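These are my notebook entries on a single chain, written down in the order in which I looked things up.

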Amino acid sequence: MTITVKNQDHLVVPPSVQRKAGIKAGDRLEFRVSAGVITISAARARTYKPTKSELAAIRKGEAAIGRGDSGSLSEFLHGLASNRRKAGTKANRKVFR
């Protein structure tokens with residue numbers, strides 16, 4: 001299919017070309033341009049990038065595995081639960097009479 005670009009601000013991909021390429025609403029596309037050629041391809045999914053604290057925990061775990069340290073499932077679950085708990089005790093509510 002050949003079309004004539006009438007306005008450089010708006011370039012529309014015809015619906016028949018979108019169907020053949022499998023492009024649907026909501027798809028992420030990547031455009032590459034070189035020497036008069038425009039290549040349109042599906043954009044790669046974003047990969048998850050761990051935070052610094054997560055990377056530190058991963059390194060710590062890998063070191064423990066390397067040393068041969070092991071623990072029970074209940075110890076592992078207790079460690080997860082302790083991270084969710086707030087530090088300190090609950091404050092007593094003051095009752096005004």
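I began at the turn of the hairpin formed by β1 and β2, where 2 residues lie between the strands and Ala35 takes a positive phi near 45°. The model is a predicted one, so I record this angle as a feature of the prediction. I then followed the pairing itself: β1 (residues 29–34) and β2 (residues 37–42) run antiparallel and are joined by 6 bridges. For Leu29 I looked up the bridge partner in β2 and found Ala42.

Next I turned to the side chains of the hairpin. Glu30 and Arg32 meet in a salt bridge, at 3.2 Å from N to O. I checked how open each partner is: Glu30 has 26% relative accessibility and therefore counts as partly exposed, and Arg32, at 40%, is likewise placed in the partly exposed class. In a regular strand the side chains alternate between the two faces of the sheet.

I went on to the nonpolar side chains and found a surface patch made of Leu11, Val13, Val17, Leu29, Phe31, Val33, Ile38 and Ile40, with about 720 Å² of accessible area together. Both β1 and β2 supply at least two of its residues, and β1 gives the most, with 3 residues. From this patch I picked Ile38, which is found in strand β2; its relative accessibility is 52%, and because the cut-off for exposed is over 50%, Ile38 counts as exposed.

After the hairpin I looked at helix α2 (residues 52–67), whose 16 residues should span 22 Å at 1.5 Å a residue, and I noted that its end C-alpha atoms are 23 Å apart, which agrees. How many of the residues of α2 are buried? The number is 1 of 16, so the helix lies largely in the open. Just after α2, Gly68 takes a positive phi of about 90°.

Around that glycine I checked for charged contacts, and the side chains of Arg67 and Asp69 meet in a salt bridge, at 2.9 Å from N to O. Arg67 counts as exposed because its relative accessibility is 58%, whereas Asp69, at 44%, counts as partly exposed. The count of salt bridges comes to 2.

Last, I stepped back to the whole chain, which has 3 helices and 2 strands, in the order α-β-β-α-α from the N terminus on. Of its 97 residues, 2% count as buried. The accessible surface comes to about 10,100 Å², and carbon and sulfur atoms account for 56% of that area.

Methods: Residues numbered from 1 in each chain as written. Predicted model: local features only at pLDDT ≥ 70, side-chain atom pairs only at ≥ 80, totals over all residues. Heavy atoms only, no water. Pairing = 2+ DSSP bridges. Helix = DSSP H or I, 4+ residues; strand = E, 2+ residues; numbered from the N terminus. Patch = residues over 30% accessible without salt bridge, like charges linked within 9 Å, V, L, I, M, F, W, Y side chains within 5 Å. Areas by Shrake-Rupley, 256 points an atom, 1.4 Å probe, with all protein chains shown as cover. Salt bridge = Lys/Arg side-chain N within 4 Å of Asp/Glu carboxyl O. Buried < 20%, exposed > 50% of the residue type's maximum accessible area, 1.4 Å probe, protein only. Expected span 1.5 Å × (residues − 1).
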